[in-house]
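Trainee: Could you walk me through this one? I'd like to start with the protein interior and then move on to the DNA.

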Amino acid sequence: MNIPTCEQELLERVQNLAGLTLGEVACDANIEIPLDLKRNKGWIGLLLEHVLGAGASSRPEPDFPSLGIELKTLPINSQGKPLETTFVCVAPLTGLVGINWQNCWLKQKLSTVLWVPIICDTPDKKNIPLAERRIGSAFLWSPSVEEEQLLALDWQELTDMIVLGEVEKIHGKHGQVLQLRPKAANAQAKTQAFDKNGKPFLTLPRGFYLKIPFTQAILNKNLRIN
DNA sequence: TGTTGATCATGT
DNA sequence: ACATGATCAACA
C-alpha cells in the first residue's frame, strides 16, 4: 500500500476497514494469520500499518511522518473497554539534562494518534479467535488541555525519580494515567542508568504505558455511530 | 543493544 | 478479575 498523501485519505482508508475481520484484511493483503498472538504480539499493529500504508515500523518517527500521525491499535472488549495498557515509548534513563515536558519524546509521540480499536471479546467476555476479531471505528486524537496536564504531571513525577536514581523503586502503580514498566526481551536485559550517587549501573529497560482508565476515557469521548 | 509493534501470564 | 512484571518478533 502506498503512503496516504493527506489526513483525509488516511481517515478514509481506516474507516473503510471498520467492521472487517482481521482475517478478511490479512487475506486481502496476502498476509498469513498466526493462530494466536503468543509469539506475534505486535502482529495486529504491523498488519494495520501495512494496509494503511505506513512505512517500515522500525523507525524513530511517527508511523506517518509526513502527516505527523502515530498509529496505535487498541484491543477492547465488546463493551468498549481496553483490555491492555498502551505502550507509548521507551523511557530514557540517561541524558535527561535539559529534558522537560515540552520537549520530551513522550509528548511528541502522543501529539496526534490514530486509534484503531480491535474488538477482541464477545459480550459474554469470551476471547474471539484472532482471525475473527473485528476492526472498530478508528479516530484521530490529540490530548486535550486536561489530558495533557495529567500526562505531564505523571511524566514529571516518573522522570524526577529516574533523575534521582530511583528508577528501581518505580512500580506500575505510580502515576495516575501513565506508568513505567519493564520493556525488554526478558528480565535479563540491561541498559545503563545512574544511581542516587550519580554512578552508572545496569538495570532493566523500561517503557511508558498509558493506563487502561485513561485510554478508556479517550475512547468514551470519541464514541460515534457507524 | 535499542527501536518498532505489543500481549502474555502469574500473583494478588 | 485484573494489573504488574515478564516476554515475543523483526529489524537497524
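Mentor: A nonpolar core is a set of buried Ala, Val, Leu, Ile, Met, Phe, Trp, Tyr and Cys residues joined through side-chain atoms within 4.5 Å, where buried means under 20% relative accessible area, with a 1.4 Å probe and protein chains only. This is a predicted model, in which local features need pLDDT of at least 70 and side-chain atom pairs count only at pLDDT 80 or more, while totals for chains, interfaces and linings use all residues. Residues are numbered from 1 along each chain as its sequence is written, chains are lettered from A in the order in which they are written, and side-chain values use heavy atoms, with hydrogens and water left out.

Trainee: OK, so which residues have the most contacts inside the largest nonpolar core?

Mentor: They are Leu-106 and Phe-208, in a core of 32 residues. Helix α5 (145-163) gives the most to this core, with 6 residues, helices and strands being DSSP runs (H or I, at least four residues; E, at least two). Apart from it lies another core, of 24 residues, including Ile-44 and Leu-114.

Trainee: Switching to the DNA, which residues come nearest to strand C?

Mentor: Of the 20 residues around DNA strand C (those with a heavy atom within 4 Å of it), Arg-39, Lys-41, Gln-179, Arg-181 and Ala-187 come nearest. Sugar and phosphate account for 58% of the DNA strand C atoms that come within 4 Å of the protein.

Trainee: And what does the side chain of Lys-41 approach?

Mentor: An N or O atom of that side chain is 2.6 Å from a base oxygen of DNA strand C, whereas for Lys-173 a polar backbone atom is 3.4 Å from a phosphate oxygen of the strand.

Definitions and conventions: Polar contact = N/O pair within 3.5 Å; in protein donor to acceptor, adjacent residues only side chain to side chain. Buried < 20%, exposed > 50% of the residue type's maximum accessible area, 1.4 Å probe, protein only.
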